[in-house]
Amino acid sequence: MTAIDPLGRMENRHAYSSANAFKFDQWHSMFMPRQHDITKLTFEQLKDVYTLAWKWIRAVHQQSPKHRFPTLLWDSLPHGGASQVHPHIHATVHSENYYG
């Protein structure tokens, strides 16, 4: 089981959400496909990950209307602290501007 975001666990057929242990913004969550092998991801599975992230972004904005600048970051290869290679999206919603 993974950590749960303040908005609760979100799931659909091919994806689920998880809180990030090392958040870099007030609103920061992660979305993963149930299929962890990136070489076997289908279009429908990938679409479900992005659909779920968009649902979370809308929920953040509904709870805090000043947060209106979403950013999605795709991750799939090993990084410092990662326990396994697995595809996932980091989603953030900032109140002042987009990152970059």
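I started with W74 and found its place in strand β3. I noted that the model is a predicted one.

Next I looked up how far W74 is covered. Its relative accessibility is 36%, so W74 counts as partly exposed; the partly exposed class lies between 20% and 50%.

I then checked which surface group W74 belongs to. W74 forms a nonpolar patch on the surface with I38, L46, Y50 and L72. Together these residues have about 410 Å² of accessible area.

Which elements each supply at least two residues of the nonpolar patch? I wrote down α1, residues 43-63, and β3, residues 69-75.

I turned to the aromatic rings. How many aromatic pairs does the structure hold? I recorded four.

One pair I looked at is F69 with Y98. The ring centres of F69 and Y98 are 5.0 Å apart and the planes stand at 85°, so I entered this pair as edge-to-face; planes over 60 degrees apart get that label. The pair links distant parts of the chain, with F69 in strand β3 and Y98 in the segment after β4 (88-94). I noted that F69 and Y98 are 29 residues apart.

Is F69 buried or exposed? F69 has a relative accessible area of 14%, so I listed F69 as buried, the limit being under 20%. For Y98 the relative accessible area is 47%, so I listed Y98 as partly exposed.

Last, I looked for rings joined into a group. I found W27, F31 and W56 linked into a cluster by ring pairs.

Technical notes: Residues numbered from 1 in each chain as written. Predicted model: local features only at pLDDT ≥ 70, side-chain atom pairs only at ≥ 80, totals over all residues. Heavy atoms only, no water. Patch = residues over 30% accessible without salt bridge, like charges linked within 9 Å, V, L, I, M, F, W, Y side chains within 5 Å. Areas by Shrake-Rupley, 256 points an atom, 1.4 Å probe, with all protein chains shown as cover. Salt bridge = Lys/Arg side-chain N within 4 Å of Asp/Glu carboxyl O. Helix = DSSP H or I, 4+ residues; strand = E, 2+ residues; numbered from the N terminus. Buried < 20%, exposed > 50% of the residue type's maximum accessible area, 1.4 Å probe, protein only. Phe/Tyr/Trp six-rings, centres within 6.5 Å; stacked < 30°, edge-to-face > 60°.
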